[in-house]
Amino acid sequence: MSRKHGKGSQAPYSPAGHSLSTGPYAPSELAIIYSSEFDYISRCILDYPDIETGGQLFGFWTAEGVPVVLYAIGPGRYANHQATFFNQDIDYLKTVGQAIIDRFGLQHIGEWHSHHHLGLDHPSGHDASTMATSIEHLDLHRFLLCIGTCAGGRSTINPYNFHESDLYNYSYARWRVLSIDSPFRALIDSSLADILVHPYTRTASHGAERIEDGTPEQIRPMYTQHYWLRDKANNLQLKKIVDFLAASTGSMPSVRMDEAGRVSVYADTATGEQVEVFFPDGFPTEAPEITLPESYRVQAAQVPVGDALMPMARDFWESDGDIAESFRLCYERLRGVLPPPLDIPEQPEAEHETKKLAEPEPTEPTADAPDEKNSQPSV
Ligand SMILES: [Zn+2]
């Protein structure tokens with residue numbers, strides 16, 4: 001059956017934002033997996049917390065050489081699980097693997113095994129040489145090896161891409177976990193129901209996997225890339241702010257971090273209400289968000305604008321100078337203890353001034369901050 005095409009040829013559609021520079025001639029820095037398979041491997045690992053286990057991965061390679069895991073299997077009934085090695089049940093692999101390849105058109109793209117709590121979260125020397133030999137002898141071109149670990153009731157599985165161009169220089173790849181189930185999961189599970197062996201563990205529990213941007217909170221670094229507290233000197237400023245809030249409210253404030261790595265400080269007032277301070281991503285260029293109970297205000301703060309408007313910290317925020325001192329002034333103005341500032345700095349000037357606060361050591365431009373405005377013209 002042929003479909004009639006329009007006249008002329010059209011450039012292939014290339015979606016933006018998902019390309020990788022490595023290309024097909026080097027081990028990919030990325031591995032794609034559907035969440036059903038990501039979870040399936042986790043459940044398999046959790047079945048064997050103290051001993052090696054493993055299985056095979058089926059799917060495709062993209063044109064750029066990125067593996068896409070569409071279906072994972074675990075150990076067959078007669079697999080050999082030992083403390084320091086795992087051998088798959090060969091009959092199981094042959095029967096199931098062949099059916100997956102023949103009936104569902106997937107390819108055998110990789111393997112996974114768990115080093116349980118051996119403390120080795122990457123391929124062992126033996127794993128790497130086995131991969132190199134296999135790629136060479138079986139003419140595989142590339143292979144995805146995933147290494148798992150198990151600790152504290154959580155499994156961690158990370159991808160390593162091997163490529164024929166450089167057999168011993170495999171990549172520590174990152175996962176792109178697609179949030180949907182693989183369309184092959186239900187299909188193959190039901191078609192091969194009489195031969196498949198599934199994990200006993202019902203629920204996946206993931207650890208600290210390497211995930212590309214949009215990292216889950218448990219492996220997110222303490223603070224996001226440009227957050228003010230990434231600068232160690234600013235931790236002293238936060239301490240000063242907390243001390244100030246303690247003195248102001250008469251209670252010990254608590255400091256909490258949200259899942260995006262941003263910090264809030266809470267302090268109870270004498271009336272049992274709460275003062276809440278939130279430091280947004282743009283702080284200190286951007287004002288903190290300060291929520292004060294009405295009873296805690298000395299008098300209605302004088303805001304230059306509107307009558308019905310609730311005064312906000314940003315109405316009083318001056319981002320130049322010492323951060324803790326700026327905070328104190330802003331807070332006391334919001335409470336009505338201090339009058340509003342006489343001259344509110346103009347926007348561009350404020351932005352310029354806070355550079356000193358946010359980036360105290362402007363040495364060379366960093367690769368992760370390609371900001372044209374900040375880069376120095378070479379002379
Ligand atoms: Zn191993």
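In this predicted model, G336 adopts a positive phi of about 90° just after helix α6. The helix that it follows covers residues 323–335, and its length can be checked simply: at 1.5 Å a residue, these 13 residues should span 18 Å, and the end C-alpha atoms do lie 18 Å apart, so expectation and model agree. Buried positions in α6 are I323, S326, F327, C330, Y331, R333 and L334. These residues take up an arc of only 165° around the axis, which places them on the same side of α6. The spacing is easier to follow with the helical repeat in mind: an α-helix has 3.6 residues a turn, so residues three or four places apart point the same way.

Turning to the sheet, four strands make an open arrangement in the order β11-β12-β13-β14, with antiparallel pairing. The edges are held by β11 (254–257) and β14 (289–291); each has a single partner strand, so one side of each has no neighbour in the sheet. From one strand to the next, the twist averages 15°. Strand β13 (residues 274–278) is joined to β14 by three bridges, the two running antiparallel, and F278 has E289 of β14 as its bridge partner. Helix α5 (residues 232–249) packs on this sheet, where it touches β11, β12 (263–268) and β13, and its direction makes about 20° with that of β12.

As for the protein chain as a whole, it contains seven helices and 14 strands. Of its 379 residues, 31% are buried. Among contacts with a separation of 6 or more, 65% involve residues 24 or more positions apart.

Notes:
Residues are numbered from 1 along each chain as its sequence is written. This is a predicted model: local features need pLDDT of at least 70, side-chain atom pairs count only at pLDDT 80 or more; totals for chains, interfaces and linings use all residues. The expected span of a helix is 1.5 Å times one less than its number of residues. A residue is buried if 20 or more other C-beta atoms lie within 10 Å of its own, exposed if 12 or fewer, and partly exposed in between; C-beta atoms are placed from the backbone. The arc is that of the directions from the helix axis to the C-beta atoms. Two residues are in contact if their C-beta atoms, placed from the backbone, lie within 7 Å. Two strands pair if DSSP finds at least two bridges between them. Axes are lines fitted to C-alpha atoms, for helices over the stretch in contact, and angles run from 0 to 180 degrees between N-to-C directions.
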